[in-house]
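Student: I would like a close look at one part of this model, with the charged side chains and the strands around them treated together. Please take me through it in one connected account.

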Amino acid sequence: MLAPMTRTRQPRDPRVLARCEVEFDQVDRRIVAESEDLSRRGVFVRTDELLPVGHETGILVRRPDGAVFEVTARVVHSDAIGGAPWAATAA
């Protein structure tokens, strides 16, 4: 008899609630959206765009204090309500 598979879930990184402007390219246009929260490994982006899971692109994040950074990110989940968590990927 086979032993049942157990999945170990990685603990989530602490999140910081932060409304940051987030920009990314979607096929033929630049999308400007807003973040819900940030963590060391990702950002939840609130957008009207339905993005496919696995979609990878550069995103520009502008913090409220004016600091700007750009990372390569991948959509890890998407829903019809208008949100998509992006995971930062190695640059």
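**Salt bridges and the strands around them**

Tutor: R63 and D65 form a salt bridge in which the closest N and O atoms are 2.6 Å apart. R63 counts as partly exposed, because its relative accessibility is 35%, while D65, with a relative accessible area of 55%, is exposed. Salt bridges with shared partners also join E21, E23, D25, R30 and R62 into one network. The structure holds 8 salt bridges, and the model in which they are found is a predicted one, a point taken up again below.

Two further pairs can be described in the same terms. R29 and D28 meet through their side chains in a salt bridge, at 3.5 Å from N to O; R29 is partly exposed at 41% relative accessibility, whereas D28 is exposed at 64%. R46 forms a salt bridge with E36, and here the closest N and O atoms are 3.3 Å apart. Since R46 lies in strand β4 and E36 in strand β3, this pair ties together parts that are 10 residues apart in sequence. Both of its members count as partly exposed, R46 at 33% relative accessibility and E36 at 23%; the cut-off that matters for E36 is that buried means under 20% relative accessible area. As a general matter, side chains of opposite charge can pair when their charged atoms come close.

Q26 offers a polar residue on the other side of that cut-off. Q26 lies in strand β2, and its relative accessible area of 12% places it among the buried residues, because buried means under 20%. Leaving aside residues up to four places away in sequence, Q26 touches I31, E49, L51 and H55.

The pairing of the strands comes next. β2 and β5 pair in the antiparallel sense over 4 bridges, and within that pairing the bridge partner of V22 is V61 in β5. β5 also pairs with β6, again in the antiparallel sense, over 7 bridges, with I59 standing opposite V71 in β6. The hairpin of β5 and β6 has 5 residues between the strands, and in this hairpin G66 takes a positive phi near 95°.

V22 and I59 appear once more in the nonpolar interior. The largest nonpolar core has 14 residues, and those with the most contacts inside it are V22, F24, V45 and I59. The elements giving two or more residues to this core are β2 (21–26), β3 (29–39), β4 (42–46), β5 (56–62) and β6 (68–75), and the largest share, 3 residues, comes from β3. Strand β3 therefore contributes to this core and also carries E36, the partner of R46 in the salt bridge to β4.

It remains to say how far the predicted coordinates can be relied upon. The mean pLDDT of the protein is 78, and 74% of its residues reach 70 or more. Confidence is highest in β5, at a mean of 91, and lowest in strand β7 (residues 83–88), at a mean of 59. Where pLDDT is low, the predicted coordinates should not be read in detail. The strand with the highest confidence, β5, is the one that pairs with β2 over 4 bridges and with β6 over 7 bridges.

Key
Residues are numbered from 1 along each chain as its sequence is written. This is a predicted model: local features need pLDDT of at least 70, side-chain atom pairs count only at pLDDT 80 or more; totals for chains, interfaces and linings use all residues. Side-chain values use heavy atoms; hydrogens and water are left out. A nonpolar core is a set of buried Ala, Val, Leu, Ile, Met, Phe, Trp, Tyr and Cys residues joined through side-chain atoms within 4.5 Å. Buried means under 20% relative accessible area, exposed over 50%, partly exposed in between (1.4 Å probe, protein chains only). Two strands pair if DSSP finds at least two bridges between them. pLDDT is the predictor's confidence in each residue, from 0 to 100. Contact means heavy atoms within 4.5 Å. A salt bridge is a side-chain nitrogen of Lys or Arg within 4 Å of a carboxyl oxygen of Asp or Glu.
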